[in-house]
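Me: I am new to reading structures. I want to know where the labels come from. Can you take me through the reasoning?

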Amino acid sequence: MELQEIIALVKRTKTFVENRERANHIKVKGPADYVTQVDTDIQNFLARELGRQAPEIQFLGEEEGLHEMSGDTYWILDPIDGTTNLIHDYQHSVVSLALYEKGEITMGIVYDPFREDVYHAQKGKGSFLNGMPISVSDAEALSETIVTIGTSPYDRELTEENFKRFKRVFDKSQDIRRTGSAALDLANVACGRTGGFFETLLSPWDFAAGMLLVMEAGGQVTNYAGEPLNFLKRGSVVATNGKVHEELRGLL
């Protein structure tokens, strides 16, 4: 499939997002972990359409959970990153789609249906917002930038240590922000709006597309230990413009 065909397909999910009745059909998966009928509708739609056009590519979506993949090429989808936001009509929710091929992410799309913003990247070809090139910020230190945080709300046993991290970063940076969507936070790093983002526990569908956006925009993405991310496991994520990476990672 051509990139523009995939983008057009992802943009068709806007009609699902706009359906407030479906957004109010809520199922509780765990503490602060919800799925709406919108999540399910989008996953079913994209799984069906992508499967129809590229049947050789497997599919890993949030609503079916992490599981072993038999092949070396598959889509990684978060149908709604920011489900709690969607439930409350707090309009910071995105659709995140990535393509994993032989050990790496080669394509990533993050679609913000509320602002009609499409972020996309292909490995080796740069990052773009609505077709225009984007790049990370030129901040040399945390004191020159703001940082977005993720609270890992599904894992409340991490709260005490997480809030210690937030304070350490707040003390060193200009300020911190929290949107409730990791994919959107990563897109904001790629655009240079923020100098960094971190969260202690994320799943591959949360970070796969956004990670490529940041890296293709000139930034850096690792786990807290400075290692590459694993696309079949949950783990920590820290993404920056590269220049503040070690300073931020050292606080985590």
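Reply: Start with contact: it means heavy atoms within 4.5 Å. Keep in mind that this is a predicted model.

Me: What does helix α4 lie across?

Reply: Helix α4, residues 37-53, lies across β3, β4 (73-81) and β5 (94-101). It runs at about 155° to β4. Helix α7 (residues 182-191) packs on the sheet too. It touches β4, β5, β6 (104-112), β7, β8 and β9. Its direction makes about 75° with that of β7.

Me: What is the strand order in the open sheet?

Reply: The order is β3-β4-β5-β6-β7-β8-β9, seven strands with mixed pairing.

Me: Why are β3 and β9 called edge strands?

Reply: β3 (58-61) and β9 (132-134) each pair on one side only. As for twist, neighbouring strands of this sheet are turned by 20° against each other on average, direction ignored.

Me: How do you know that β7 and β8 pair?

Reply: Pairing takes at least two bridges between two strands. Three bridges join β7 (residues 117-122) to β8 (residues 127-129). Therefore β7 and β8 count as paired. They run antiparallel. His120 has Phe128 in β8 as its bridge partner.

Me: Why is Tyr154 called partly exposed?

Reply: Buried means under 20%, and exposed means over 50%. Tyr154 has 38% relative accessibility, so it counts as partly exposed.

Me: Where is Tyr154 found?

Reply: Tyr154 is in the loop between β10 (146-149) and α6 (159-172). Tyr154 and Leu202 are 48 residues apart in sequence. In space, they are 9.8 Å apart, C-alpha to C-alpha.

Note on methods:
Residues numbered from 1 in each chain as written. Predicted model: local features only at pLDDT ≥ 70, side-chain atom pairs only at ≥ 80, totals over all residues. Heavy atoms only, no water. Helix = DSSP H or I, 4+ residues; strand = E, 2+ residues; numbered from the N terminus. Buried < 20%, exposed > 50% of the residue type's maximum accessible area, 1.4 Å probe, protein only. Axes fitted to C-alpha atoms, helices over the stretch in contact; angles between N-to-C directions.
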